[in-house]
Amino acid sequence: MEKYMFPCLNKKLFGVDCLGCGLQRSLSYLLQGEFSQAFKMYPAVYPLLLLLVFWGVTLFFKFRFDTYIKYGLLAVTVLTIIISYFIKMNFMFN
């Protein structure tokens with residue numbers, strides 16, 4: 001399955017991971033049922049999936065505070081991506 005994955009252009013050109021590096025492998029691990037390995041590969045996979053599922057549900061059902069929930073999930077997802085990226089870069093360069 002790895003031979004069908006897209007390479008990271010940022011990593012190929014500059015040698016540094018981007019904010020999305022690991023997402024494809026993480027989704028691959030999720031499909032294989034390896035949930036902890038998916039989290040180790042890309043920690044934001046679970047908030048991202050929760051955001052996408054909630055967004056999909058709100059296309060068909062309306063909730064009272066769905067906009068606030070979407071913004072909250074979006075904030076958690078973005079913060080998780082940024083924090084995990086800085087932690088990964090800290091370990092890479094130290």
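## Working through a five-helix model

Trp55 sits in helix H4, residues 45–60; helices here are DSSP runs of H or I with at least four residues, strands are E runs of at least two, and both are numbered from the N terminus. Before you start: the model is predicted, so local features need pLDDT of at least 70 and side-chain atom pairs pLDDT 80 or more, while totals for chains, interfaces and linings use all residues. Residues are numbered from 1 along each chain as its sequence is written, and side-chain values use heavy atoms, leaving out hydrogens and water.

**Exercise 1.** Work out how many helices and strands the chain has, and what share of it is buried.

Step 1. Count the elements: there are 5 helices and 0 strands, in the order α-α-α-α-α.

Step 2. Check burial: 24% of the 94 residues count as buried. Buried means under 20% relative accessible area, exposed means over 50%, and partly exposed falls in between (1.4 Å probe, protein chains only).

**Exercise 2.** Find which residues are linked with Asp17 in a network of salt bridges.

Step 1. Use the cut-off: a side-chain nitrogen of Lys or Arg within 4 Å of a carboxyl oxygen of Asp or Glu. The structure has 2 such salt bridges.

Step 2. Take Lys11 to Asp17, with N to O at 3.1 Å. Lys11 is partly exposed at 43% relative accessible area, whereas Asp17 is buried at 7%.

Step 3. Now take Lys88 to Asp17, with N to O at 3.6 Å. Lys88 is in helix H5 (residues 66–93) and Asp17 in the loop between helix H1 (9–14) and H2, so this pair ties together parts 71 residues apart in sequence. Lys88 is partly exposed, at 27% relative accessibility.

Step 4. Put the pairs together: Lys11, Asp17 and Lys88 form the network.

**Exercise 3.** Decide whether Tyr42 and Trp55 are buried, partly exposed or exposed.

Step 1. Look at Tyr42, in the loop between helix H3 (35–41) and H4. Its relative accessible area is 6%, so Tyr42 is buried.

Step 2. Turn to Trp55: its relative accessibility is 46%, so Trp55 counts as partly exposed.

**Exercise 4.** Work out how far apart the C-alpha atoms of Tyr42 and Phe93 are.

Step 1. Along the chain, Tyr42 and Phe93 are 51 residues apart.

Step 2. In space, their C-alpha atoms are separated by 18 Å. For scale, the C-alpha trace of the chain spans about 45 × 30 × 25 Å along its principal axes.
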